[in-house]
Amino acid sequence: MKQGGSDDAKRAAGESAAEAVEDGMVVGLGTGSTAAHAIRAIGAAVDAGLDVTGVPTSFQSRELAREAGIPLTDLDAAEIDLAIDGADQVAGGCLVKGGGAAHAREKIVDTAADRLLVVVDPTKEADVLDHPVPLELLPAARRPVAAAVERLGGEPELRRAERKDGPVVTDNGNLVFDCAFGAIADPAALAADLATIPGVVEHGLFVDVADEIHGGTADGVTVTEL
Ligand SMILES: O=C(CO)[C@H](O)[C@H](O)COP(=O)(O)O
């Protein structure tokens, strides 16, 4: 798996997407280190008088938004005008997400938003998706989900917590498999197959959900309309 990109590139991407936030908007707040730059930039705009409300996608993004002073709400209370989120890999209009184990709530927020702006550094951009696909799954379904992934040609690996010897547990109390499929020629077909596996809560393929890709580099940002 590629090493994380430079923080300057991540910051450039996050701040570029944050410029699209307008007064009165409800904004989906993605998870991860690149989306964190957008959250901090939005917080600075709130300090300067911008009237926005955030919908977080994880405990991490909620805490970051609180520190940044962004008023928060949830999906029950508001329609989302714009979501800003990161990705583990981007190829054309398709994303792999879930590196932070937040893709279930991210997909709810990102697909509910009128527009989704994805913020990435150069290490995330690819011609074809080949990043392992995260699956959030019910803990009781480990064995049958692993067998179903293998029947689809994948190699499921239980994600373990870095600091503890146990597995990663999501905000929803579930486990995560990282499933290597190699090059994914048809992301939509794989997404449909993964979605039908009993016990899978959500997979990390986001197909035709993004509206813009903000690709940051140390020298600036390239915005791609999809
Ligand atoms: O999908 C995600 C979390 O579930 C993140 O948006 C994705 O992993 C990218 O994170 P980062 O910007 O830190 O590389």
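**Close-up views of a predicted model**

**View 1. The ligand and the residues around it.** In this predicted model, the ligand is surrounded by 18 residues, and the closest of them are Thr 31, Ser 33, Thr 34, Asp 88 and Lys 124. By residue type, the shell around the ligand divides into 9 polar, 6 charged and 3 nonpolar residues. Two helices are good landmarks here: helix 2 (33-47) and helix 4 (103-112) each supply at least two residues of this shell. Looking at the wider setting, you will find the ligand in the largest pocket.

**View 2. Oxygen atoms of the ligand and their polar partners.** Let us move in on individual atoms. A polar backbone atom of Thr 31 is 2.6 Å from an oxygen atom of the ligand. Gly 100 also takes part through its backbone, with an N or O atom 3.2 Å from an oxygen atom of the ligand. At Asp 85 the partner is in the side chain, where an N or O atom is 3.5 Å from a ligand oxygen. How much of the ligand's accessible area does the protein cover? On its own the ligand has 380 Å² of accessible area, and the protein covers 91% of this.

**View 3. Ser 58 and its contact with Thr 31.** Thr 31, one of the closest residues to the ligand, appears again in this view. Its side chain makes a polar contact of 2.6 Å with the side chain of Ser 58. To find Ser 58, look in the loop between strand 2 (53-56) and helix 3 (59-68). Is Ser 58 buried or exposed? Ser 58 counts as buried because its relative accessibility is 6%, and the cut-off for buried is under 20%.

**View 4. Two residues with positive phi, Ala 101 and Asp 208.** Neither residue is a glycine, yet phi is near 65° in Ala 101 and about 55° in Asp 208. Ala 101 is in the loop between strand 5 (94-96) and helix 4, while Asp 208 is in the loop between strand 11 (205-207) and strand 12 (212-217). Ala 101 is buried, with a relative accessible area of 12%, whereas Asp 208 counts as exposed at 64% relative accessibility.

**View 5. Pro 198 in its loop.** Our last stop is the loop between helix 6 (187-195) and strand 10 (200-203), where Pro 198 lies. Pro 198 counts as exposed because its relative accessibility is 66%, and exposed means over 50%. For a sense of distance, pick out Ala 13 as well: Pro 198 and Ala 13 are 185 residues apart along the chain, and 37 Å separates their C-alpha atoms.

Terms used
Residues numbered from 1 in each chain as written. Predicted model: local features only at pLDDT ≥ 70, side-chain atom pairs only at ≥ 80, totals over all residues. Heavy atoms only, no water. Near = heavy atom within 4 Å. Polar contact = N/O pair within 3.5 Å; in protein donor to acceptor, adjacent residues only side chain to side chain. Areas by Shrake-Rupley, 256 points an atom, 1.4 Å probe, with all protein chains shown as cover. 1 Å grid on protein atoms, 1.4 Å probe; cavity = no way out; pocket = protein on both sides within 12 Å on 5 of 7 lines; lining within 4 Å. Sits in = over half its atoms within 2 Å of the grid points. Helix = DSSP H or I, 4+ residues; strand = E, 2+ residues; numbered from the N terminus. Nonpolar A, V, L, I, M, F, W, Y, C, P; charged D, E, K, R; others polar. Buried < 20%, exposed > 50% of the residue type's maximum accessible area, 1.4 Å probe, protein only.
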